[in-house]
Amino acid sequence: METKVSVIIPVYNTEEYLGNCLTSICTQTLEDLEIICINDASEDNSLNILNDFANKDKRIKVINFSLNKGAAQARNYGIEIAKGEFISFIDSDDYLETADFYEKLYQKAVETDADVVKGAYKYFDTGYVNTDLNKKVLENGMHFAFEFCSAIFKKTMLLENNVLFPLLCDMEDPVFAYKAAVCAKNKIVTVEDCYINIIKRFDSQTASIPRGKQILDKIEGFKQLVNISKEFQVPEKVSGYVLALWIKVIMDACTKSAFFERLSLIQGMIS
């Protein structure tokens, strides 16, 4: 019998958060889960924590990369080996707030025959729940170009349309979500009371000062968003919303990077 949902978790040096993440998944009311944990050459105690959980819960599969390959490649490998009818992703420092998160999303998928069912992000530090994107998704599913960890995706839809994460160190998430959205077209539905808690870490890639390859990958990712818009003839109203949003993100990152580079230069001159 096919597993209902495969949960793919790339893991890299998150020993402080990993136990909470895994516990929130293992205690879900939907028990028919496959939990694929991909240790991306962590240098801390993450692998031992994964193995301890796997010894207690046979649904957990631990894959160990000997070399760091990045979250995109880890997630793509997870998609390749997943046996679930639907696939979900969670970062190893985040956790599911609602114990029936996967049950509600899966039930909605069955009821509506949807390719994608989306919950909502809740930000741990403020308790803020972003409902704006869900409203946009209900207008047109192609608006779904971020918050991909709040959703489950039908595996056959991903495979038939070659929806994978580009091998970038940044912007791989929106490219994946956007292509999934346009391939699913309007067969995307939302569930409003299913929350995944997002932890903002000051030492994470998204919070750090963007430099070099990260800036270049942001630009490359944006090019891929443009190409998806053209290839799938996304309505201008929708593509304009998505592209404008990510232009702002890239410009903010470039401004932040330039500021700290100038600050570093000034500090060097006066030291």
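Q: In this predicted model, which residue of β9 is the bridge partner of Y123?
A: A bridge is read as a residue on one strand matched with a residue on another, and strands count as paired once DSSP finds at least two bridges between them. Here the partner of Y123 is I198 in β9. That match belongs to the pairing of β6 with strand β9 (residues 188–198), which is parallel and has seven bridges.

Q: Which other strands pair with β6, and in what sense?
A: Strand β8 (residues 151–154) pairs with β6 in the antiparallel sense over three bridges, with K118 matched to A151 of β8. Strand β7 (residues 128–129) is also antiparallel to β6, over two bridges. In that pairing, K122 stands opposite V129 of β7.

Q: What do I look for in the turn between β6 and β7?
A: Look at the number of linking residues and at the sign of phi. β6 and β7 make a hairpin with four residues between them, and G127 in the turn has a positive phi of about 80°.

Q: Is β6 enclosed or open?
A: Burial is judged on relative accessible area, with under 20% counting as buried. For strand β6 (residues 116–123), eight of the eight residues are buried, so this strand is largely enclosed by the rest of the structure.

Q: How many residues of β4 are buried, and which strands does β4 pair with?
A: Five of the six residues of β4 are buried, so β4 too is largely enclosed by the rest of the structure. β1 and β4 run parallel and are joined by five bridges, with F89 of β4 as the bridge partner of I8. β4 and β8 run antiparallel, joined by three bridges, and S88 stands opposite I152 in β8.

Q: Turning to helices, how do I read the length of α8?
A: Compare the distance between the end C-alphas with the span expected from the residue count. Helix α8 (residues 212–231) has 20 residues and reaches 29 Å from its first C-alpha to its last, close to the 28 Å expected at 1.5 Å a residue. After α8 comes Q233, with a positive phi near 50°.

Q: Which residues of α8 are buried, and which are exposed?
A: The buried residues of α8 are Q214, I215, D217, K218, G221, F222, L225, I228 and S229. They cover an arc of only 160° around the axis, which puts them on the same side of α8. On the other side of α8, the exposed residues are K213, L216, K230 and E231.

Q: What does the same reading give for α2?
A: In helix α2 (residues 46–56), S46, I49, L50 and A54 are buried. Viewed down the axis of α2, these residues fall within an arc of 135°, so they line one face of the helix. The face turned away from this buried side carries N55 and K56, which are exposed. As for what lies against them, the buried residues of α2 pack against β1, α1 (15–26), β2 and β3.

Q: What covers the buried residues of α3?
A: Start with the residues themselves: in helix α3 (residues 71–81), A72, A74, R75, N76, G78 and I79 are buried. Their cover includes the strands β1 (3–11), β2 (33–40), β3 (60–65) and β4 (84–89), together with the helices α6 (155–160) and α7 (172–184).

Q: How many aromatic pairs does the structure hold?
A: There are 14 aromatic pairs. To read one, take the distance between ring centres and the angle between planes, where an angle over 60 degrees counts as edge-to-face. F101 and Y102 form an edge-to-face pair at 5.1 Å centre to centre, with 85° between the planes, and both F101 and Y102 are buried. F148 and F165 form another edge-to-face pair, 5.5 Å centre to centre and 65° between the planes.

Q: Where in the chain do F148 and F165 sit?
A: F148 is in the loop between α5 (132–139) and β8, and F165 is in the loop between α6 and α7. They are 17 residues apart, and the pair links distant parts of the chain. F148 and F165 are both buried. Ring pairs also link them with F89, F144, F153 and F176 into a cluster.

Q: What do the totals for the whole chain say?
A: The protein chain has nine helices and nine strands, and 51% of its 271 residues count as buried. Among contacts with a separation of 6 or more, 82% come from residues 24 or more positions apart. The chain exposes about 13200 Å², of which carbon and sulfur atoms supply 54%.

How values were computed
Residues numbered from 1 in each chain as written. Predicted model: local features only at pLDDT ≥ 70, side-chain atom pairs only at ≥ 80, totals over all residues. Heavy atoms only, no water. Buried < 20%, exposed > 50% of the residue type's maximum accessible area, 1.4 Å probe, protein only. Contact = heavy atoms within 4.5 Å. Areas by Shrake-Rupley, 256 points an atom, 1.4 Å probe, with all protein chains shown as cover. Expected span 1.5 Å × (residues − 1). Arc of directions from axis to C-beta. Phe/Tyr/Trp six-rings, centres within 6.5 Å; stacked < 30°, edge-to-face > 60°.
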